[in-house]
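Biologist: Could you take me through one part of this model slowly, with the helix packing as the focus? I would enjoy a connected account rather than a list.

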Amino acid sequence: MIVTRHKAPFSQALCGSIRHGHIRNIFVSSQSTCKNFVTEGNFANSVDENTTSRPRDRKLTHASSTQQPTPIYVSATHQHVGKTSTSLALLSGLQKRFDRVGFMKPVGQQSLRVVDNETGKFISVDKDAVLVKNHFNLHHLDYKHISPVLIPPGYTRNYLDGKICLEEQEHLVEKAFHAISSNSQIILCEGSGHCAVGSIVHASNAQVASWMGAKM
């Protein structure tokens, strides 16, 4: 676990760390004001030991055939401290290095209505999923996989009443993760809210990360 403190602009620091292959998981502190962040490990199983010497504008066009990519998971102690901004900077850097970048917002709260490519029907997905998919042209990803679980008003009551079960949530996240993994060389996951969000329905950031095999 490496704690870095950068004097350079935050997006520049992130993209620099991406180019040198140092990022796998990001933890944004509410006290950091986007100056301190925690990174862990080399960020892609598909990158060989010579990758860091490649020109930064050269993309990797192959993924590991032996195992699915370990996701980069962005989380934070508080809400509104820069998770989405961090994710946007990371995705911008990753797209310069990989041809197919995956993205997930496994658990969302605020939603928008979009058309599902497979069924042609309107579905509700997290608003950040819509922003990321459209801005970065992630046409290889489906909305229902980018945003598999939503927690709208009344969701907690339904969970406590037994109308929604833990296994159902876990299945939705795992199914979405496997679908995105099969079509992506690297995956970025944006956590939801602060560290306690989702805990009452057993879908906190730490729990969700464990479902996908991401370190937290």
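Modeller: Gladly; here is a walk through the helix packing, followed by a few loop residues.

This is a predicted model, in which local features need pLDDT of at least 70 and side-chain atom pairs count only at pLDDT 80 or more, while totals for chains, interfaces and linings use all residues. Residues are numbered from 1 along each chain as its sequence is written, and side-chain values use heavy atoms, with hydrogens and water left out.

As a setting, the chain has 7 helices and 10 strands; these are DSSP runs numbered from the N terminus, helices being H or I with at least four residues and strands E with at least two. Of its 216 residues, 47% count as buried, where buried means under 20% relative accessible area, exposed means over 50%, and partly exposed is in between (1.4 Å probe, protein chains only). Among contacts with a separation of 6 or more, 69% come from residues 24 or more positions apart, a contact being heavy atoms within 4.5 Å.

Let us start with helix H2, residues 83–95. Its 13 residues reach 18 Å from the first C-alpha to the last, close to the 18 Å expected at 1.5 Å a residue; the expected span is 1.5 Å times one less than the number of residues. Buried residues in H2 include Lys83, Thr86, Ala89, Leu90 and Gly93.

Now for the partner of H2. The axes of H2 and helix H3 (residues 127–135) come within 11 Å and cross at roughly 20 degrees. That makes H2 roughly parallel to H3, since angles under 35 degrees count as roughly parallel, over 145 as roughly antiparallel, 65 to 115 as roughly perpendicular and the rest as oblique. Axes here are lines fitted to C-alpha atoms, for helices over the stretch in contact, and angles run from 0 to 180 degrees between N-to-C directions. On the H2 side, Thr84, Leu88 and Leu91 meet Asp128, Leu131 and Val132 of H3. These contact residues divide into 4 nonpolar, 1 polar and 1 charged. Here Ala, Val, Leu, Ile, Met, Phe, Trp, Tyr, Cys and Pro count as nonpolar, Asp, Glu, Lys and Arg as charged, and the others, Gly among them, as polar.

A second pair is H6 (residues 166–181) with H7 (residues 205–212), which pack at an angle of about 55 degrees with their axes 9 Å apart. H6 and H7 are therefore oblique to each other. From H6, Leu166, Gln169, Glu170, Val173, Glu174 and Phe177 meet Val208, Trp211 and Met212 in H7. The residues of this contact divide into 6 nonpolar, 1 polar and 2 charged.

The loops beside these helices deserve a look too. Asn137 sits in the loop between H3 and helix H4 (143–146), and has a phi near 55 degrees, a positive value in a residue other than glycine. Its relative accessible area is 48%, which leaves Asn137 partly exposed. His202, in the loop between strand E10 (186–190) and H7, also has a positive phi, near 55 degrees. His202 is partly exposed at a relative accessible area of 44%.

Finally, back towards H2: His78 is found in the loop between strand E4 (72–76) and H2, and counts as partly exposed at 44% relative accessibility. His78 and Ala196 are 118 residues apart in sequence, and 8.9 Å apart in space, C-alpha to C-alpha.
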